[in-house]
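Reader: I should like to study this structure step by step, beginning with the terms that the discussion requires. Could the author please guide me through it?

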Amino acid sequence: QVQLVESGGGLVQAGGSLRLSCAASGRTFTSYTMGWFRQAPGKEREFVAAIRWSGGSTLYADSVKGRFTISRDNAKNTVYLQMNSLKPEDTAVYYCARRGAYSGSNYPPPITDFDSWGQGTQVTVSS
């Protein structure tokens, strides 16, 4: 089982930027697609972005496309989420997760395909 630890959240004004990191333990990190999700108060957890093991293919939710960038450094067992032009509606707890299963090429990828989760990091964007 892999352990995931997110960091980098905080309070930022609208229009600002944050960079989230997710450090993974375990030697199998490089074999898996990794994803970022978020959950705002009173809402369901939603897909934000995903990146394949090689880093050559990425996927984004429409709401963050063009503002957020997912990347990974397999040598450091770390996946990142660079968030620019932040909006108040981006306020949420952000989670990284490992895609341990592949149920198909549906968009967005089913949350049930992700089998390991971090504890989350709070991102608050003030207006």
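Author: Buried means under 20% relative accessible area, exposed means over 50%, and partly exposed lies in between. Please keep in mind that this is a predicted model.

Reader: Is aspartate 90 buried or exposed?

Author: The relative accessible area of aspartate 90 is 0%. The cut-off for a buried residue is under 20%. Aspartate 90 therefore counts as buried.

Reader: With which residue does aspartate 90 form a salt bridge, and where do the two partners lie?

Author: Aspartate 90 is in the loop between β8 (78-83) and β9 (92-99). Its partner is in the loop between β6 (58-60) and β7 (68-73), 23 residues apart from it, and the pair links distant parts of the chain. The closest N and O atoms are 2.8 Å apart, and the partner is arginine 67.

Reader: Is arginine 67 buried or exposed?

Author: Arginine 67 has a relative accessible area of 11%. Because buried means under 20%, arginine 67 is classed as buried.

Reader: How do the partners glutamate 46 and arginine 38 compare with the cut-offs, and which of them is buried?

Author: The side chains of glutamate 46 and arginine 38 meet in a salt bridge, with 2.7 Å from N to O. Glutamate 46 has a relative accessible area of 36%, so it is partly exposed. The value for the other partner is 6%, and the buried residue is therefore arginine 38.

Reader: Which residues are linked in a network of salt bridges?

Author: The structure holds six salt bridges. Among them are the pair of glutamate 46 and arginine 38 and the pair of aspartate 90 and arginine 67. The residues linked in a network are Arg38, Glu46, Arg67 and Asp90.

Reader: Are aspartate 62 and lysine 65 buried or exposed?

Author: The side chains of aspartate 62 and lysine 65 meet in a salt bridge, with 3.2 Å from N to O. As for their accessibility, both aspartate 62 and lysine 65 are exposed.

Reader: Which element gives the largest share of the largest nonpolar core?

Author: In soluble globular proteins, nonpolar side chains tend to be buried together. The largest nonpolar core here has 32 residues, of which Trp36, Leu81, Met83 and Tyr94 touch the most other members. The elements that give two or more residues to this core are β3 (18-24), β4 (33-39), β5 (46-51), β7, β8, β9 and β11 (121-126). The largest share, five residues, comes from β5.

Reader: Which strand holds threonine 78, and is this residue buried or exposed?

Author: Threonine 78 lies in strand β8. A polar atom of its side chain lies 2.8 Å from the backbone oxygen of lysine 76. Leaving aside neighbours within four places in sequence, threonine 78 is in contact with Ser21, Cys22, Ala23, Phe29, Arg72 and Asp73. Its relative accessible area is 10%, so threonine 78 is buried.

Reader: What separates the C-alpha atoms of valine 5 and glycine 118?

Author: Valine 5 is in strand β1 (residues 4-7) and is partly exposed, with a relative accessible area of 47%. Along the chain, valine 5 and glycine 118 are 113 residues apart. Their C-alpha atoms are separated by 5.2 Å.

Reader: Which residues are the closest to the centre of the largest pocket?

Author: About 290 Å³ of space lies in the largest pocket. The elements that give two or more residues to its lining are β5 and β6. Of the 18 lining residues, the closest to the centre are Thr33, Arg52, Leu59, Arg99 and Tyr102.

Key. Residues numbered from 1 in each chain as written. Predicted model: local features only at pLDDT ≥ 70, side-chain atom pairs only at ≥ 80, totals over all residues. Heavy atoms only, no water. Salt bridge = Lys/Arg side-chain N within 4 Å of Asp/Glu carboxyl O. Buried < 20%, exposed > 50% of the residue type's maximum accessible area, 1.4 Å probe, protein only. Helix = DSSP H or I, 4+ residues; strand = E, 2+ residues; numbered from the N terminus. Core = buried A, V, L, I, M, F, W, Y, C linked by side-chain atoms within 4.5 Å. Polar contact = N/O pair within 3.5 Å; in protein donor to acceptor, adjacent residues only side chain to side chain. Contact = heavy atoms within 4.5 Å. 1 Å grid on protein atoms, 1.4 Å probe; cavity = no way out; pocket = protein on both sides within 12 Å on 5 of 7 lines; lining within 4 Å. Points joined across faces, edges and corners; volume = space filled by probe spheres on them.
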